[in-house]
Amino acid sequence: MSQPGGNPRQLHPLPKGLVELYGLLAVLFVLVPEWMAGGALLGFTGSRQGSNLPAEAAAWQKLPELRLAGMAVAELRLLARQLRIPGYARLNRDRLTGVLIRRLKRRKAL
């Protein structure tokens with residue numbers, strides 16, 4: 001890009017001290033809190049026993065919406081194939097989940 005006078009616009013670099021100050025501020029405001037949070041989380045897991053994830057609640061076993069939400073698209077399509085739902089392969093995740101929920105509630109399965 002050139003200016004109307006024909007001279008290209010000159011960019012003035014930031015002084016080295018200012019760049020180093022920005023780097024120090026980035027470390028203080030971003031990295032240090034991340035390290036502190038990571039250390040705090042490790043302290044919490046040391047006193048727990050068993051799995052880091054909560055056990056599946058009874059609602060996950062009873063409600064088909066929750067069960068389907070936890071499935072991958074390939075698993076949803078496999079279930080649709082088992083239930084003999086026509087045209088399941090062209091449906092996106094939301095529409096396939098809706099069709100599966102209606103079918104499963106009708107059958108009272110899953």
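## Contacts along the chain

Among the contacts in the protein chain with a separation of 6 or more, 29% are between residues 24 or more positions apart. Keep in mind as you look around that this is a predicted model.

## The overall picture

The protein chain has five helices and zero strands. Read from the N terminus, its elements follow the order α-α-α-α-α. Of the 110 residues in the protein chain, 15% are buried.

## The largest nonpolar core

A good place to look next is the largest nonpolar core, which has 12 residues: Leu68, Met71, Leu76, Leu79, Ala80, Leu83, Ile85, Leu91, Leu96, Leu100, Ile101 and Leu104. Two or more of these residues come from each of helix 4 (73-82) and helix 5 (93-107). Helix 5 gives the largest share, four residues.

Let's pick out Leu76, a member of this core. Beyond its neighbours within four places in sequence, Leu76 is in contact with Leu68, Met71, Arg93, Leu96, Thr97 and Leu100.

## How helix 4 meets helix 5

The axes of helix 4 and helix 5 lie 10 Å apart, and the two helices pack at an angle of about 40°. Angles under 35 degrees would count as roughly parallel, and 65 to 115 as roughly perpendicular, so helix 4 and helix 5 are oblique to each other. The crossing of helix 4 past helix 5 is left-handed.

On the helix 4 side, the residues that meet helix 5 are Val73, Leu76, Arg77, Leu79 and Ala80. Their partners in helix 5 are Arg93, Leu96, Thr97, Leu100 and Leu104. Sorted by character, the residues of this contact are seven nonpolar, one polar and two charged.

Conventions: Residues are numbered from 1 along each chain as its sequence is written. This is a predicted model: local features need pLDDT of at least 70, side-chain atom pairs count only at pLDDT 80 or more; totals for chains, interfaces and linings use all residues. Side-chain values use heavy atoms; hydrogens and water are left out. A nonpolar core is a set of buried Ala, Val, Leu, Ile, Met, Phe, Trp, Tyr and Cys residues joined through side-chain atoms within 4.5 Å. Buried means under 20% relative accessible area, exposed over 50%, partly exposed in between (1.4 Å probe, protein chains only). Contact means heavy atoms within 4.5 Å. Axes are lines fitted to C-alpha atoms, for helices over the stretch in contact, and angles run from 0 to 180 degrees between N-to-C directions. Angles under 35 degrees count as roughly parallel, over 145 as roughly antiparallel, 65 to 115 as roughly perpendicular and the rest as oblique. A crossing is left-handed if the near helix is turned anticlockwise from the far one by less than a right angle, and right-handed if clockwise. Ala, Val, Leu, Ile, Met, Phe, Trp, Tyr, Cys and Pro count as nonpolar, Asp, Glu, Lys and Arg as charged, and the others, Gly among them, as polar.
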